[in-house]
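Here are my notes after a pass through this one, as numbered points you can check against the viewer. Shout if anything reads oddly.

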Amino acid sequence: ECDSQIYCSGSLLKKIQLSGIYGSKDFVDKPTIKPLDEVLAAASLLPENSTNDELQDFISTYFGPEGQELILANITNFNSTPSFLQKIKSPLLQEFAKHVHNYWPNLTRQVDLSFMCEGCVSSFIALNRTFVIPGGIFREIYYWDSYFIIEGLLVSELYDIAKNMILNLLDLVEIYANGSRIYYLNRSQPPLLVQMVKIYYQATNDTALLYDAFPILIKEYNFWRKNNSIRIVSPESKKLYTLNRYIVNNNAPRPEGYLDDFNIVELNNTLNSTAREELYADLAAGAESGWDFSSRWVKELFKNSSTDDNNYEILRTLNTDAIIPVDLNSILYMNEITLSEFSEKIGEEKMINTFKNAAKKRLEGITDLFWDEELELFMDYNISNFITNSTTILDTFSYITNLLSKYPGSPPITLINSGLQWDFPNSWPPLNYVLIKGLINFHNYDDNDSESEIKEFIMNLTKNLSQRYVDSVLCTWYSTGGSIPGYLNKLSGVKDTGHIFEKYNTLDLSLPGGGGGYDVQVGFGWTNGVLLWIFSNFGDILKEPECLSDLT
Ligand SMILES: OC[C@H]1O[C@H](O[C@H]2O[C@H](CO)[C@@H](O)[C@H](O)[C@H]2O)[C@H](O)[C@@H](O)[C@@H]1O
């Protein structure tokens, strides 16, 4: 837990964040340039109702620019022509893939605290090794983003950086965090570290890492079992299951989202103090889910946009810890299977069956509680009185083909246009990856009963989804000024030089996603990771998108 009187709680944080002179995340990412005791002493002299000018003066006297603790890392042995590029048939797509591959150095960081004075403080958790950040305001390592980034790094043959990412995250398990900032210490994110070790091991055969990682992975697994689990009796089978949910012990605004959280909770005079605390906890749990925020976590089904611009109204009905998410439990099921396999590899005989049995039990729970016979979909399970309202792209195949026939872009994350960023019309890279990878696994599953017709259908769907993803990323990059000398001219009248975004718009191939509590960010770690992974799998069949009107 974080007890910083600057970055996590206290009157100074409140005063500055409520003034709105900086984006909430920008302020908490500023290191001090004077020792902590001096900063706090000066803060205690600030008038109760400080003006913005007074606050601005105070900040420029005592704080440096955000993100100063990090410098670009020097990447040795960067291979500018990794072998996956050869698999890409279209020369233009090959050049674009090269551009994305060459972008890694811009997102790779190392810690440099040499500028900090004696006694100065910062919210950054010093990591020992290089790492890749998502980009934009996301200047630190993020837990679940790292899985998708690592997929890309492996394709780019940047094995050392992939390993460093994993080692950094293994260090962070000790403190269990959403990302490497002290204000992220009270929550995690979708637990994908076991899977990061798995894909890294599959690519490198680095057994030594497996041995080192194993006890820490067990520690993380036990943490989820103990802290975020819930026992549920199935209303139909009457069987008892232990499953997991996102739940955070928190009763204050998230420091990096202070202004919004404060307004959502405190500007609503219908809430008593218990309800206020619950709402703060649900906001933090929404961030723990990685889907911050989505109609998926609210009490009522909103079919249309929220009536206020900030989505405060809809967020006041958050109910995150009452929803038992099908994807979190699927991740943990997958982790149990993988931990059983790891146990076998490193000779931890007793653990092999422990994890096998845990996976078996969880699978029973997943099929009993989440499978909706009538809809033929896996749904989240809601333990409160409210109806389950999640309709996500984790659904069945026909559901996906239906979505693809309706919208030109990659599949939307939900069908509810709430104005929240994890809702329609946004399409998110991690979920595109999950869909495609799931279909590949299904296709490769050695099942004699599967007819070749079904396998062909699955393969076509997989290729279609991959093409859509490439189209969205490339068309939006092009519409924001991206060009490739000799292949693609720059769109006239556009000032920028091409951006890759954190999310996309399913309604228009040339637009990024939007909504939510901050502006759409560019860079972008997981988008690039998933893109390179798609290129390495389907480079031979991917086509140039039709949106590219000015080919040379
Ligand atoms: O500052 C607001 C929130 O930002 C993060 O969430 C979003 O960006 C992350 C990095 O790409 C991503 O992991 C997450 O899924 C996004 O919704 C952060 O994780 C939140 O905790 C934070 O409150």
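1. Start with helix 12 (residues 258–266) and helix 13 (residues 273–288): their axes sit 10 Å apart and the angle between them is about 145°. The crossing is right-handed. On the helix 12 side the contact is made by D261, I264 and V265, and helix 13 brings R276, L279, Y280 and L283 to it. By class that gives five nonpolar residues, two charged and no polar ones. Keep in mind throughout that this is a predicted model.

2. The other helix pair I looked at is helix 11 with helix 15. Here the axes come within 11 Å and cross at roughly 145°, and the crossing is left-handed. Helix 11 puts L210, F214, L217, Y221 and W224 into the contact; from helix 15 come L332, N335, L339, F342 and K345. The class split is eight nonpolar, one polar and one charged. If you wonder about the spacing of such positions, an α-helix has 3.6 residues a turn, so residues three or four places apart point the same way.

3. Helix 10 covers residues 193–204, which makes 12 residues. From first C-alpha to last it reaches 16 Å, close to the 16 Å expected at 1.5 Å a residue. Which of its residues are buried? They are L193, V194, M196, V197, K198 and Y200, so do take a look at the lysine in that list, K198, given that a residue is called buried with 20 or more other C-beta atoms within 10 Å of its own. The cover over the buried residues includes helix 8 (143–155), helix 9 (159–173), helix 11 (207–227) and helix 15 (326–345). Helices 11 and 15, the pair from point 2, are thus both among the elements covering helix 10. Right after helix 10 comes N205, with a positive phi near 60°.

4. Two more backbone spots with positive phi. Most residues other than glycine have a negative phi, and most peptide bonds are trans. E157 has a phi near 60° and is not a glycine; it is in the loop between helix 8 and helix 9. K238 is not a glycine either, and its phi is about 65°. K238 belongs to the loop between strand 4 (229–233) and strand 5 (240–244). Are these two buried or exposed? E157 counts as partly exposed because 17 other C-beta atoms lie within 10 Å, while K238 has 7 within that distance and is therefore exposed.

5. There are cis peptide bonds to inspect as well. One joins D292 and F293, with omega about 0°, and F293 is in the loop between helix 13 and helix 14 (312–315). Another joins G523 and F524, with omega about -25°. F524 is in the loop between strand 11 and helix 20. I'd like your eye on both.

6. On to the ligand. How many residues surround it? The count is 15, and the closest are P134, E256, A287, G290 and D292. D292 is also one partner in the cis bond to F293. By class the shell has six nonpolar, six charged and three polar residues.

7. Y518 shares its loop with F524, between strand 11 (504–505) and helix 20 (525–538). Which residues does Y518 contact beyond its neighbours within four places in sequence? G23 and I137. G23 is 495 residues away in sequence, yet the C-alpha to C-alpha distance is 8.3 Å. Y518 has 18 other C-beta atoms within 10 Å, so it counts as partly exposed.

8. Last, T476, in helix 19 (residues 452–479). Why does it count as buried? Because it has 25 C-beta neighbours inside 10 Å, and 20 is the cut-off. Leaving out residues up to four places away in sequence, T476 touches F501, Y504, S510, L511 and P512. N49, by contrast, is 427 residues from T476 in sequence and 45 Å from it in space, C-alpha to C-alpha.

Conventions: Residues are numbered from 1 along each chain as its sequence is written. This is a predicted model: local features need pLDDT of at least 70, side-chain atom pairs count only at pLDDT 80 or more; totals for chains, interfaces and linings use all residues. A residue is near a molecule or strand if its C-beta atom, placed from the backbone, lies within 6 Å of it. Ala, Val, Leu, Ile, Met, Phe, Trp, Tyr, Cys and Pro count as nonpolar, Asp, Glu, Lys and Arg as charged, and the others, Gly among them, as polar. Helices (H or I, at least four residues) and strands (E, at least two) are DSSP runs, numbered from the N terminus. The expected span of a helix is 1.5 Å times one less than its number of residues. A residue is buried if 20 or more other C-beta atoms lie within 10 Å of its own, exposed if 12 or fewer, and partly exposed in between; C-beta atoms are placed from the backbone. Two residues are in contact if their C-beta atoms, placed from the backbone, lie within 7 Å. Axes are lines fitted to C-alpha atoms, for helices over the stretch in contact, and angles run from 0 to 180 degrees between N-to-C directions. A crossing is left-handed if the near helix is turned anticlockwise from the far one by less than a right angle, and right-handed if clockwise.
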